[in-house]
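Let's take a walk through this structure together, one stop at a time. Have the sequence and the 3D view open beside you as you read.

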Amino acid sequence: MTTTEPSYLENQSHRKGLASWIFSTDHKRIGVLYLISILIFFSVGVLIGVVMRLKMLWPGTHLYSAAAYNAFFTVHGVIQIFLFIIPGIPAAFGNFILPLQIGAKDVAFPRLNLLSWWVYVIGALLALTALFSGNGPPDTGWSFYVPYSLRTNTNVTLAVFAAFILGFSSILTGLNFITTIHRMRCPGMSWFRMPLFTWSLYATAWIQILATPILAVTLIMVMAERILNLGLFDPGRGGDPLLYQHLFWIYSHPAVYIMILPAMGVVSDVIPAFCRKNIYGYKAIAFSSLAIAFVGYLVWAHHMFTSGMSNTARMVFSLLTFLVAIPSGVKVFNWIATMYKASIKIEPPMLFAMTFLFLFAIGGLTGLLNGALATDINVHETYYVVGHFHYTMFGGTGMGFFAALLYWFPKMTGKMYNKRTIVVAWAHIFVGFNLLYFTMMIMGWLGMPRRYYSYPPQYHTYHVVATVGSWILATGVFMFLGAFLVALKKGTKVAANPWDATTLEWKTASPPPTENFQTIPTVTGGPYEFKDGHPA
Amino acid sequence: MSTPTHEYHPDSTGSKIGMWLFLFTELLLFGGMFLLYAVYRVKNPADFHYASLNLDTKTGAINTAILLTSSLTMVLSIGMLERRHRKASLWFLIITIGFGVWFLVNKYLEWSHKIHHGIYPGSEELTGRTAGENLFYSLYFLMTGLHGIHVVAGMVVLGVMVWMIGKPHHRVLPVTTLPVDAQAHAVSVTVEYSEDAKLDQQKLIRLENAGLYWHLVDVIWIFLFPLFYLIS
């Protein structure tokens, strides 16, 4: 392949320097903007997590106040959920990779795409403002449950408004991706020739569009309640706080599939590339994404088993919750079937994809205990839930995000990171992760409630182990991120397709030219076809 | 699907898909509030009935007629632009905005009438009444208020369309004003800008999408009107 055209990294617009990035409508530049912003917020969220764990080294009052602790777990949740995991893979890698994977020059609405990044930044700045202004940072937990969120004097209104704005950004990205996938596929790119990452983005985009407005209106109501005193959730005036929980989880449960589906898509692309063979059960994986998107919409009330719903409602939602495990299981078994008897090359992206499988399996299986009514009563609002949640979200989505970064970094920059550093970082992450979150599950099982500032002495050992785990994990994470900063400066140059992978994004230069492809490609086969261990 | 330039090219179907997806999200936004309305109505049927009798059905009916007519003028504006009657299209657009203003004035009078009588969320007057009535009026102000914001947003969108359709679009750039490196390609640039048909089509797509949004505002009102004023 000749590389006569300059890459997207070389400025071709009339704007200079930073302006050529923050006003660019090129999906690749927007993807990079998202990636940088998301990683910054992720790092902040990790540090806040470490500070939270630090307090838990000893029971009793020390280091900082209980009010500060409440603010820390709220802010940690808001940042990691609304600023990192939800936009994470779709906005950063989806933006960059999706048009390349379907042979398009850009997304359907490039200017809307730029707008969605700006909206994200404005939302993030508002969230930060909420921390440092008014009567102190919000202390409600990321779920803003009424009635407390209506009564507290902390800066809830602004934080809620920030989340509302961020939801807008998510919706714009979603509708952009759906339109792109429907309208911009290159000749020959039929629906069943699309890479599974694209499929997962498609399913995710639908949830973004169908669920996020419910969050928006719920947050509008919290703001309206606080400012106009409507009394819609006030039992004293006929309102019902349970309805808030319903509305909140109607969005926020599907939102966990917004978070996990793209990571599953990444893994579905990485596994065949390093197993040197076609994915097992392509259509099953593609359809299971849609099935998860659909069933995931109907399980929200399993967050409310102890809130006082009728038994009928609880049993229906428990059943539906178990159903959603089926499409997830379909995916896991298909990935393992792909790896079966393959000549696996354990490169860094594959290492993290396998870590995803391992940790997500633990996260998924421990989730079944939350879905079952009897056990959920015991573990609800304990550290067990915190542990389970981090296994799925950090062990699942987080590792998927890391795998995506490792897999596509050479595509984005044309450079390769130091693989040895990555493996060392991985070892820290893996050990620290399990020390931290598995210990949490054990102490939750023993009865340690979550969000408590102090604890009885019998949990002390567990808290110490978990806190030490958090240090190892954070070391690993920053070593991992540092490897990419070093690679930007000193990374070795790579060829267009360093992984010898099959999907369309590898058929153009690394980094790709502004127009993505010198000539619009024509696709003649499936996304993962190998012949004699090389792309067919 | 594969046109040779990076600059966007009119994809009528694509823009429509995008717009419809956005409209879905708007419907779901109101859906959350309709859900609350449904639950609270089932819980307090008598109070809702009583409160609804106190709303002025006549004003509500007039506002419904206003919005329905404005949807007609909106469609006429699109039809006129399709037939290249730019002026007529503009006039129908301005009339549509006028209907929007009329609607909001009525709404303003209705609200201030209620507030004048001490009926607003958390007011002393309402505190003395039943829980159901309180919920009814809270939902009334919240939902019609949010709808009102959408009417304003729709009018802004239509205003932008007036400006877009109103400005002369036949713009041939003089070659000397172009950046030096573009002068070499000046011929093609001039050709791009004088492609009347392409620009017209782009404006038409935008006007159609603006129209879709306006119809959405109308449709939501068509649900709000019976729920608050009629059903009892």
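We can begin with a small space. The model, which is a predicted one, has a second largest cavity with a volume of about 60 Å³. Try selecting the residues that line this second largest cavity: A:Val75, A:Val78, A:Ile79, A:Ala127, A:Leu128, A:Ala130, A:Leu131, A:Pro138 and A:Ala159. Two elements of chain A, α3 and α4 (110–132), give two or more residues each to that lining. Of the contributors, α4(A) gives the most, with 4 residues. What classes of residue make up the lining of the second largest cavity? It divides into 9 nonpolar residues, with no polar and no charged ones.

Now to the other cavity. The structure holds 2 cavities of 30 Å³ or more, and the largest contains about 140 Å³ of space. A general word on how such spaces come to light: rolling a probe the size of a water molecule over the atoms shows where empty space is left. Around the largest cavity you will find a lining of 16 residues, and those nearest its centre are A:Phe82, A:Ile86, A:Pro87, A:Leu166 and A:Ser170. Three helices of chain A, namely α3 (66–101), α6 (156–183) and α7 (196–228), each supply at least two residues of this lining. The largest share comes from α6(A), which provides 6 residues. By class, the lining of the largest cavity has 10 nonpolar and 6 polar residues, and no charged ones. Helix α3 of chain A is thus a name to keep in mind, since α3 appears in the list for the largest cavity and also in the list for the second largest.

Next, let's stop at two single residues in chain A. Look first for A:Asp26, which sits in the loop between α1 (19–22) and α2 (27–55). Is A:Asp26 buried or exposed? Its relative accessibility is 6%, so A:Asp26 counts as buried. If you zoom in on the side chain of A:Asp26, you will see one of its polar atoms 2.9 Å from the backbone nitrogen of A:Lys28. Once neighbours within four places in sequence are set aside, the residues in contact with A:Asp26 are A:Tyr8, A:Asp106 and A:Thr514.

The second residue is A:Met479, found in helix α15 of chain A, which covers residues 460–490. Here the relative accessibility is 25%, and A:Met479 therefore counts as partly exposed. Which residues does A:Met479 touch, not counting those up to four places away in sequence? They are A:Thr421, A:Val424, A:Ala425 and A:His428. For a sense of scale, you could draw a line from the C-alpha atom of A:Met479 to that of A:Ser116: these atoms are separated by 30 Å, and the two residues are 363 places apart along the chain.

Finally, let's turn to chain B. This chain has 9 helices and 0 strands, and reading along its sequence gives the pattern α-α-α-α-α-α-α-α-α. Chain B contains 232 residues, and 45% of them are buried. How do the contacts in chain B span the sequence? Among contacts between residues at least 6 apart in sequence, 83% join residues at least 24 apart. As for its outside, the accessible surface of chain B comes to about 11500 Å², and carbon and sulfur atoms account for 69% of that surface.

Note on methods. Residues numbered from 1 in each chain as written. Chains lettered and ligands numbered in written order. Predicted model: local features only at pLDDT ≥ 70, side-chain atom pairs only at ≥ 80, totals over all residues. Heavy atoms only, no water. 1 Å grid on protein atoms, 1.4 Å probe; cavity = no way out; pocket = protein on both sides within 12 Å on 5 of 7 lines; lining within 4 Å. Points joined across faces, edges and corners; volume = space filled by probe spheres on them. Nonpolar A, V, L, I, M, F, W, Y, C, P; charged D, E, K, R; others polar. Buried < 20%, exposed > 50% of the residue type's maximum accessible area, 1.4 Å probe, protein only. Contact = heavy atoms within 4.5 Å. Areas by Shrake-Rupley, 256 points an atom, 1.4 Å probe, with all protein chains shown as cover. Polar contact = N/O pair within 3.5 Å; in protein donor to acceptor, adjacent residues only side chain to side chain.
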